[in-house]
Structures are given as structure tokens and as C-alpha cells.
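User: I am new to this structure and would like a close look at one part of it. Please describe the place where the ligand is held and what surrounds it.

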Amino acid sequence: MKFNQFVIIGLGRFGSSIGRELMQLGYEVLGVDRDEEKVEEMSGVLTHAVVADATEENVLRSVGARNFDCGVVAIGDDIQASILATILLKELGVKKVVAKAVSELHGRVLERIGVDRIIYPERDMGIRVAHQLVSPNLLDYIELSKQYTIAELNVPDCLSGKSLSEVNPRGRFGCSIVAINKPKGIIIAPTASDVLAERDVMVVIGTNQQIESFQHSIGQ
Ligand code: ATP
């Protein structure tokens with residue numbers, strides 16, 4: 001389902017960053033915050049920004065929250081407010097509700113009340129940074145499940161000039177290179193004769209163990 005209109009509750013660092021990016025991407029965004037200063041700061045950036053307490057049902061109704069496809073509850077510190085705003089958005093019929101959690105317990109409560117996606121910004125970013133610190137060539141990764149990951153890896157010197165059949169990560173470790181991002185463009189589903197070069201980025205899919213073994217073999 002493609003969403004076009006977003007309502008963001010809480011315009012702190014997290015909420016305002018999501019709002020700015022959605023605007024850049026060309027979407028409509030309504031920002032709601034009870035803090036007048038935050039709303040003023042974002043009023044020239046978002047489609048609309050209103051000062052309101054998102055824990056009050058009539059307030060959310062009056063700003064037309066139910067007409068939005070997706071709601072983001074970006075309140076962290078005030079867990080009660082986060083939960084109330086989330087329940088209200090769900091009850092008003094917002095199709096998808098995404099909420100930020102500041103602790104495991106907060107996340108568990110959000111899960112119980114039917115949030116479609118829970119985000120732990122500090123925890124997740126911490127995990128990401130730790131992975132990147134120990135594997136300097138790891139640019140980014142997505143955990144597909146507890147076991148499977150897609151990782152973006154810089155091509156190290158030792159692989160530069162080698163074809164995929166020579167590198168052979170599938171035969172050696174069980175993981176596959178599913179794309180090569182080259183400065184000139186991306187090759188999706190590369191063939192055995194495609195050659196890696198310095199400054200390319202490999203997109204690798206496999207189990208965590210397989211990708212780790214591959215990284216280890218190329219000194220990452
Ligand atoms: P961030 O890390 O995103 O800056 P934070 O965790 O430091 O956020 P929070 O207390 O989570 O700060 O609040 C985020 C924003 O949510 C603040 O701007 C705050 O004014 C707003 N907010 C909190 N409660 C409500 C509410 N009931 N209605 C509307 N806005 C609220």
C-alpha cells in the first residue's frame with residue numbers, strides 16, 4: 001500500500017527528522033506538538049504544523065487525523081502520552097501507525113495495542129554503529145529475519161579486478177552477491193562474469209554466519 005499523507009505526533013529530533021525527509025520526498029505531512037516553539041520551528045517546513053495535545057481525542061479529530069494514511073507517534077519520554085496518542089490514532093482509523101519506543105517495556109505495550117511498526121531509534125542505531133565499527137567496510141545492512149541479512153560491503157583491494165566466479169561467495173560460504181553498485185550504476189542480479197572494482201559496493205544476502213565468514217575471508 002502506498003501512503004501519501006502522514007501525520008506526525010511529536011516534533012522532537014526524531015519526529016522532525018522524519019517530517020523533513022518525507023517533505024523532501026514529496027509527501028504531505030501534518031505535524032502535531034503541544035510545544036509551541038517546536039511547531040513554530042517546523043511550520044515553514046511541513047505542509048501543516050499545529051499546536052495540540054495528541055492525548056485528547058477531540059483535538060485529534062479536529063485536526064482531521066483520521067484522514068491520514070499513516071501516523072507516526074514520535075513521543076518518547078512521556079510513555080503515557082505515546083500510548084494514548086497511539087490508541088487514539090488507531091481508533092480514529094489511521095491505516096498504519098508507527099511508533100517510537102524508548103524501552104523494551106514501552107515497545108511491548110505498543111505491540112499489545114496493535115502498532116504496525118515499532119522503532120527503537122537509539123537501540124537500533126547503537127547496534128548499527130557497533131557493527132560498522134567492527135567491520136569498517138560494512139556500509140549498511142538489513143536484518144531480514146533473526147538468521148538472514150542483506151549487507152552492503154565495500155569491495156576491498158583484494159577483490160578488485162576479480163569476477164564473481166573467481167570470488168565465488170556462494171560456493172565458498174553459501175551467501176550470494178545479488179547486486180553490485182558501481183559508480184556508473186547498479187547491476188542487479190550480476191552474472192558470474194561480472195567483475196568487481198575498487199569503489200564498487202557489493203550487496204550480499206545470506207545467513208549472518210555466511211556473511212561473517214565471507215567478510216572474514218576478505219579481511220573485513
Ligand atoms: P526526540 O529524541 O525525538 O527529540 P525526546 O524523546 O527527547 O524526542 P519526547 O519527550 O519524546 O522527547 O518528545 C518528543 C516531542 O513530543 C516533543 O516535542 C514534545 O513536546 C512532544 N509531545 C510530548 N507529549 C505530547 C502530547 N501529548 N501531544 C503532543 N506532543 C507531545
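Analyst:
**The ligand and its pocket**

In this predicted model, an oxygen atom of the ligand lies 2.8 Å from a backbone N or O atom of phenylalanine 14. Glycine 76 also takes part through its backbone: one of its N or O atoms there is 2.4 Å from an oxygen atom of the ligand. A polar backbone atom of aspartate 77 lies 3.1 Å from an oxygen atom of the ligand. On its own, the ligand has 630 Å² of accessible area, and the protein covers 87% of that area.

Around the ligand there are 19 residues. Those that come nearest are Arg13, Phe14, Asp33, Asp53 and Gly76. Phe14 and Gly76 from this group were met above, Phe14 with its backbone contact at 2.8 Å and Gly76 with its backbone contact at 2.4 Å. Sorted by class, the shell around the ligand holds eight charged, seven nonpolar and four polar residues.

The next point is the space that holds the ligand. The ligand sits in the largest pocket, which contains about 560 Å³ of space. The lining of this pocket is made of 26 residues. Nearest the centre of the pocket are Gly10, Gly12, Ala74, Ile75 and Gly76. Helix 1 (13–24), strand 2 (28–33) and helix 6 (121–134) are the elements that give two or more residues to this lining. Helix 1 gives the most, with four residues. By class, the lining of the largest pocket has 10 charged, 10 nonpolar and six polar residues.

Gly76 therefore appears in two lists, as a residue that comes nearest the ligand and as one that lies nearest the centre of the largest pocket.

A second pocket can be set beside this one. The second largest pocket has a volume of about 440 Å³ and a lining of 14 residues. Arg117, Tyr120, Asp124, Met125 and Arg128 lie nearest its centre. At least two lining residues come from each of strand 6 (117–119), helix 6 and strand 7 (138–143). Helix 6 gives the most to this lining, with six residues. The lining of the second largest pocket divides into nine nonpolar and five charged residues, with no polar ones.

Helix 6 thus has a part in both linings: it is named among the elements that give two or more residues to the largest pocket, and it gives six residues to the second largest pocket.

Definitions and conventions:
Residues are numbered from 1 along each chain as its sequence is written. This is a predicted model: local features need pLDDT of at least 70, side-chain atom pairs count only at pLDDT 80 or more; totals for chains, interfaces and linings use all residues. Side-chain values use heavy atoms; hydrogens and water are left out. A residue is near a molecule or strand if one of its heavy atoms lies within 4 Å of it. A polar contact is a pair of N or O atoms within 3.5 Å; within protein, one must be able to donate a hydrogen and the other to accept it, and residues adjacent in sequence count only if both atoms are side-chain atoms. Accessible areas come from the Shrake-Rupley method with a 1.4 Å probe; for residues, only the protein chains shown count as cover. On a 1 Å grid over the protein atoms alone, a cavity is a set of points where a 1.4 Å probe fits but cannot get out, and a pocket is an open set with protein on both sides within 12 Å along at least five of seven lines; lining residues have an atom within 4 Å of a point. A molecule sits in a cavity or pocket if more than half of its atoms lie within 2 Å of its grid points. Ala, Val, Leu, Ile, Met, Phe, Trp, Tyr, Cys and Pro count as nonpolar, Asp, Glu, Lys and Arg as charged, and the others, Gly among them, as polar. Grid points are joined across faces, edges and corners, and a volume is the space filled by probe spheres set on the points.
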